[in-house]
Every structure is written in C-alpha cells, then in structure tokens.
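Open the model in your viewer and keep the sequence panel in view. The stops below say what to select and what is there.

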Amino acid sequence: MKKIIFLSVFIPFLGFSQEKGVRLFTGASYFQSGIGFEDIEFELNEDTWTSNRLPINTDFEIKLIKPRGFVVTDGNCFPGVSILILKPNKDTLGYSPNIFGNNQEGMDYSMLSNLSLSLRFNEQAKVGDTLNLKTSFFDTKGKNETKIEMNVVIVDSKLPLENTKSVYSSSSTNSYETKSTFEIGEVKLKNDTIQTAFYKTLALERMDLDIKSLKAGHEYIRLFDQNKNEITNKDIIESLQIEIKKSEEFSVVEPIEGVDRESITKSNLKIFIPASTKNTSKKYYLYYRWESLDKSKVFEIMNPFNL
C-alpha cells in the first residue's frame, strides 16, 4: 500500500469556482469549472506515478478524489468522463465522448468517493512519441466539469516503472508546494540581495541524499505565467538566469552505549530566482524537478515569484 506523508497542513479545495493548476510529478494541468474535488491522483501499477513517462502496454489511472458539484436527482448523480488522445502530428489516436456510456440509472451521490479513468497505449503508439491526453470529468445533467491535460511520453516496456509507494508533500499558503519520493528536509523561503539584484531564494536543507548523487542527477526547469499557462519559449527561461547551488552538510551523531560515533552526510540545494518588488510586476511560477540517474528518486517544487 502506498504511503502519503504530509509535512504541513493542507486544506483541500472543495469549492465550485473556476481554478487552474498544475500537478507535481506528472506536470499535468487542470481547469476546474464547477466540479470540485479533494485531490487528483495519477497512478502507475497502483502506486503514485512520478513522471509522465509511460512504458508501452502499461496501465495508468487518473482519479478524481471526492468529486462534488453534480446535479442530484433522487439521491443520484450522473457523471461522465470523456477522453481525447492526440498523436504528435495532432491526428486523433483515440476518443470517447463518455466512457460511462448512456448511464440512465446514475450513481448514489452519497457513496461517490472517486471517479477514475484507466488507460494503456498499445503498439499504435511508438516509443519516443509524446501523446497529448485531454480528459474531462463532467456532469451529464449540467455544465460543470474539471478538465485535465497532460503529455505522455512513450518509452520502452523494458524500462522500470517510475512510481513510488511513499510520497512526501509540503506546502505553504500562497507560496511553494513540494512533492518527493524521499525526505527533502526543511524548506525555507527568503529574500536575498546579491550585488544590488533582488532574488527570491528557495532553500531545501538537510535532504536525505548525498552530495554526489545530488550533483549526478538530472534537473529540469519549467516556467508558468500568472494564469498557470506554461511559457515554452526557452529564451525567456534562460534570460531569467536562475541560479542553482548544491552543497554538502556534515554532522556527527553522539555514540549510544559503546556504538561508534556515526557520521551523517546530507545535502542542501538553493534556487536563486530573480524577482521584483515593484507593484507593477507580474506573477510567475517556477517549476523545478530533480531526478536521480536511475529515476528512482524524485523531488519537485513549484513556487510563485514576481518579475
């Protein structure tokens, strides 16, 4: 059974207004318009999916946890789930207007704990393809819906699954959100001035990871605007001159009844984001991902800043 560990208090969104967001690990985007939910889960082989890479002929599942906002008639609601899959050339690979079909009986609204969509891509998809998946969880008796969109990269079936049984999450109100497969220690957010330039600094301190592994891993940066639409222009991202520093932290644990003193080496990571203090500045979101060489360890952080 997978283990979810929250390092700070999180209040789930249960309202029914419009909201757009990005989910860590898969990088999927969602647009909520009337259908509220507690969470969106992405699973690979019944464990949390930690990337958007999918071995061919492998099942994955998208779950909308505790959905609300449906029209209820005699205690029943009538949800639908549509799916559209586009090839790299934008041709349609698959489409269903409603995987539940013409369900006239509906579902007991009081017992509705989640809605899920299970999929796999067969040989129609080729290794190396990036498929665009668009799905909608909607009310067949009304106009409310939540849309989810993500790119799925097809990889060889011989590669290990990128999933985890344990998820460590933390968040700060109106600030950062993190998700990882191991303990990343304490997250600190502060403002720095370096040679007259103003930076917003994200510091991950005492990560349960040695410095050699941290430096050998792969890291990725994505940028989103204030509406959480991705900015794909690489020149804009490079012009920000975001700086990332990695360092080692060494400490010694006192012996316990004759046991030798134990040396513990952990690592720190700092992300320096150029920012602005002006009232006319615009809001952006930095999305940072690090993964180990074998992709078994992953951590991601998303944080707003003004520019």
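This tour of a predicted model goes through core packing, one valine, some salt bridges and a pocket.

**Stop 1: the nonpolar cores**

Select Phe60 and Phe121. Which members of the largest nonpolar core touch the most other members? Phe60 and Phe121 do, in a core of 33 residues. Now colour the strands that each supply at least two residues of this core: strand 4 (39-44), strand 7 (60-65), strand 9 (79-86), strand 12 (114-119), strand 13 (130-139) and strand 14 (145-155). Strand 14 gives the most, with four residues.

Keep Phe121 selected and show its surroundings. Neighbours within four places in sequence aside, Phe121 is in contact with Leu54, Ile56, Asn57, Phe60, Ile85, Leu93, Leu131, Leu133, Val152 and Ile154. Apart from the largest core lies another one, of 25 residues, including Ile184, Met207, Ile211 and Trp290. In soluble globular proteins, nonpolar side chains tend to be buried together.

**Stop 2: Val298**

Next select Val298, which lies in strand 25 (residues 298-306). Is Val298 buried or exposed? Its relative accessibility is 0%, so Val298 counts as buried, the cut-off being under 20%. Beyond the neighbours within four places in sequence, its contacts are Phe25, Thr50, Lys179, Ser180, Thr181, Phe182, Arg289, Trp290 and Glu291. Add Ser51 to the selection: Val298 and Ser51 are 247 residues apart in sequence, yet 8.8 Å apart in space, C-alpha to C-alpha.

**Stop 3: salt bridges**

The model has 15 salt bridges. Three pairs are picked out here.

- Select Glu162 and Arg53, a salt bridge whose closest N and O atoms are 2.8 Å apart. Glu162 lies in the loop between strand 14 and strand 15 (163-164) and Arg53 in strand 6 (residues 53-55), so the pair ties together parts that are 109 residues apart in sequence. Glu162 counts as buried at 9% relative accessibility, and Arg53 is buried with a relative accessible area of 17%.
- Select Lys134 and Glu149, where the closest N and O atoms of the salt bridge are 2.9 Å apart. Lys134 is in strand 13 and Glu149 in strand 14, 15 residues apart. Lys134 counts as partly exposed at 30% relative accessibility, and Glu149 is partly exposed with a relative accessible area of 31%.
- Select Arg289 and Glu300, a salt bridge with its closest N and O atoms 2.6 Å apart. Arg289 sits in strand 24 (residues 283-291) and Glu300 in strand 25, 11 residues apart. Arg289 counts as buried at 8% relative accessibility, and Glu300 is buried with a relative accessible area of 2%.

Now select Arg53, Glu162, Arg289, Glu291 and Glu300 together: salt bridges link these residues in a network. Two of its members, Arg289 and Glu291, are also among the contacts of Val298.

**Stop 4: the second largest pocket**

Finally, turn to the second largest pocket, which holds about 720 Å³ of space. Which of its 31 lining residues are the closest to its centre? Select Gly27, Asn52, Asn151, Arg222 and Glu230 to see them. The elements that give two or more residues to the lining are strand 2 (18-22), strand 13, strand 14, strand 20 (218-224), strand 21 (230-231), helix 2 (234-239) and strand 24. By class, the lining has 11 nonpolar, 10 polar and 10 charged residues.

Notes. Residues are numbered from 1 along each chain as its sequence is written. This is a predicted model: local features need pLDDT of at least 70, side-chain atom pairs count only at pLDDT 80 or more; totals for chains, interfaces and linings use all residues. Side-chain values use heavy atoms; hydrogens and water are left out. A nonpolar core is a set of buried Ala, Val, Leu, Ile, Met, Phe, Trp, Tyr and Cys residues joined through side-chain atoms within 4.5 Å. Buried means under 20% relative accessible area, exposed over 50%, partly exposed in between (1.4 Å probe, protein chains only). Contact means heavy atoms within 4.5 Å. A salt bridge is a side-chain nitrogen of Lys or Arg within 4 Å of a carboxyl oxygen of Asp or Glu. On a 1 Å grid over the protein atoms alone, a cavity is a set of points where a 1.4 Å probe fits but cannot get out, and a pocket is an open set with protein on both sides within 12 Å along at least five of seven lines; lining residues have an atom within 4 Å of a point. Grid points are joined across faces, edges and corners, and a volume is the space filled by probe spheres set on the points. Ala, Val, Leu, Ile, Met, Phe, Trp, Tyr, Cys and Pro count as nonpolar, Asp, Glu, Lys and Arg as charged, and the others, Gly among them, as polar.
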